[in-house]
Amino acid sequence: MNRIIVGDDGSEPSLLAVDWAADEAARRGASLHVVYVVTPWLFDVPTDPGAARVREQLLDGGRDIVEFAVARARDRVPGLEVTGEQTGGQPAKVLVEQARDALMVVTGSRGSGGLSGLLVGSVAMQVATHAACPVVVARASNADPRGDVVVGVDGSPAGADAVGFAFEEASVRRVRLRALTAWSHPVPSGRGDMQPLVYDRAVVAAEEERVLAESLAGWWSKYPDVEVVSEAVNGRAAKVLAGASVHAGLLVVGSRGHGGFGGLLLGSVGHAMLLRAHCPVAIVRGRG
Ligand SMILES: Nc1ncnc2c1ncn2[C@@H]1O[C@H](COP(=O)(O)OP(=O)(O)OP(=O)(O)O)[C@@H](O)[C@H]1O
Ligand SMILES: [Mg+2]
């Protein structure tokens, strides 16, 4: 469905997510749906009149939160199709369910709860870990929205979908795409592992460049309008990508790469980017 879902809990960071999602819906010709998830208890029929009053007040407060966000999105993008709902459940679970037939889900990096200093909240993290569609975690940044779309490429299946998403983003934003592969091998695979005493960095770099170009090849023909710069960089992926995010408009990574164990839903690079990136982050799940 051509619909973007945005999670809103009334907090400042979630309103930033609403702004980001409204702009994105405009870029993609999609509609926007604002979701505020509250405790399901509010939808029970109370027997105690005191509880009924509290319930009504809380539901009214929730309606205000949704209406405020919907009005804000409509003001920001006149003509945008925006709907909203207050619904009962567990926030991350509801957003993940709604993600099933959505174009993407957007959340803020933080919400109204949590510890001060926390870099990313539990709802944002759970949605990024479990949603079937791409998840964008918006955050307050000085990043220029006209900055490059940066994508981390590792040749994995989720990485391939991330590359496709990044091309789409660069195309609808009319900005440059910067594709980065970070390499740090040869690395020891375990204790006592033998490393080659001599290896030619230039040869390793050239091989990485070749794999990177291969990962991009199919997409270039699909998006001839997108200007692409690609680079294989020696360093750890999380560090290289966090560094590149400083001047990026959006950072795109696959939900997981080659490492980790079977069944792992969010790899270490995606996890690190949710914590450390300086710009909004898109986590793209492979369909395979
Ligand atoms: N009740 C909710 N309904 C809809 N979206 C929500 C809700 N709670 C959080 N979100 C979404 O998730 C984003 C991050 O909020 P999150 O709750 O993860 O962080 P937090 O409140 O700072 O920490 P905590 O993990 O303690 O709740 C919000 O900006 C919002 O987009
Ligand atoms: Mg919260």
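Which elements each supply at least two residues of the lining of the second largest pocket? In this predicted model, the elements in question are β2 (31–38), α3 (91–99), β4 (104–108) and α4 (122–130). The second largest pocket encloses about 420 Å³ of space, and of the 22 residues that line it, those closest to its centre are D9, P91, G111, S112 and V123. Sorted by class, this lining comprises seven nonpolar, 12 polar and three charged residues.

The second largest pocket is also the space taken by ligand 1. Around ligand 1 there are 20 residues, of which G7, R110, G113, S122 and V123 are the closest; V123 is thus named both here and among the residues closest to the centre of the second largest pocket. The shell around ligand 1 draws at least two residues from each of β2, α3, β4 and α4, and its composition by class is seven nonpolar, 10 polar and three charged residues.

Polar atoms of the protein backbone approach ligand 1 at several positions. A polar backbone atom of V37 lies 2.8 Å from a nitrogen atom of ligand 1, whereas the partners of G111 and G113 are oxygen atoms of the ligand. For G111, the distance between a polar backbone atom and an oxygen atom of ligand 1 is 2.9 Å, and for G113 the corresponding distance, again from a polar backbone atom to an oxygen atom of ligand 1, is 2.8 Å. When ligand 1 is taken alone it exposes 610 Å², and 89% of that area is buried by the protein. Of these residues, G111 is also one of those closest to the centre of the second largest pocket, and G113 is one of those closest to ligand 1.

The largest pocket has a volume of about 790 Å³. Its lining consists of 35 residues, and the ones closest to the pocket centre are D154, A237, G257, H258 and V269. Two or more residues of this lining come from each of β7 (177–183), α6 (201–222), α7 (237–244), β9 (250–254) and α8 (268–276). By class, the lining of the largest pocket contains 13 nonpolar, 18 polar and four charged residues.

Methods: Residues are numbered from 1 along each chain as its sequence is written. Chains are lettered from A and ligands numbered from 1 in the order in which they are written. This is a predicted model: local features need pLDDT of at least 70, side-chain atom pairs count only at pLDDT 80 or more; totals for chains, interfaces and linings use all residues. Side-chain values use heavy atoms; hydrogens and water are left out. On a 1 Å grid over the protein atoms alone, a cavity is a set of points where a 1.4 Å probe fits but cannot get out, and a pocket is an open set with protein on both sides within 12 Å along at least five of seven lines; lining residues have an atom within 4 Å of a point. Grid points are joined across faces, edges and corners, and a volume is the space filled by probe spheres set on the points. Helices (H or I, at least four residues) and strands (E, at least two) are DSSP runs, numbered from the N terminus. Ala, Val, Leu, Ile, Met, Phe, Trp, Tyr, Cys and Pro count as nonpolar, Asp, Glu, Lys and Arg as charged, and the others, Gly among them, as polar. A residue is near a molecule or strand if one of its heavy atoms lies within 4 Å of it. A polar contact is a pair of N or O atoms within 3.5 Å; within protein, one must be able to donate a hydrogen and the other to accept it, and residues adjacent in sequence count only if both atoms are side-chain atoms. Accessible areas come from the Shrake-Rupley method with a 1.4 Å probe; for residues, only the protein chains shown count as cover. A molecule sits in a cavity or pocket if more than half of its atoms lie within 2 Å of its grid points.
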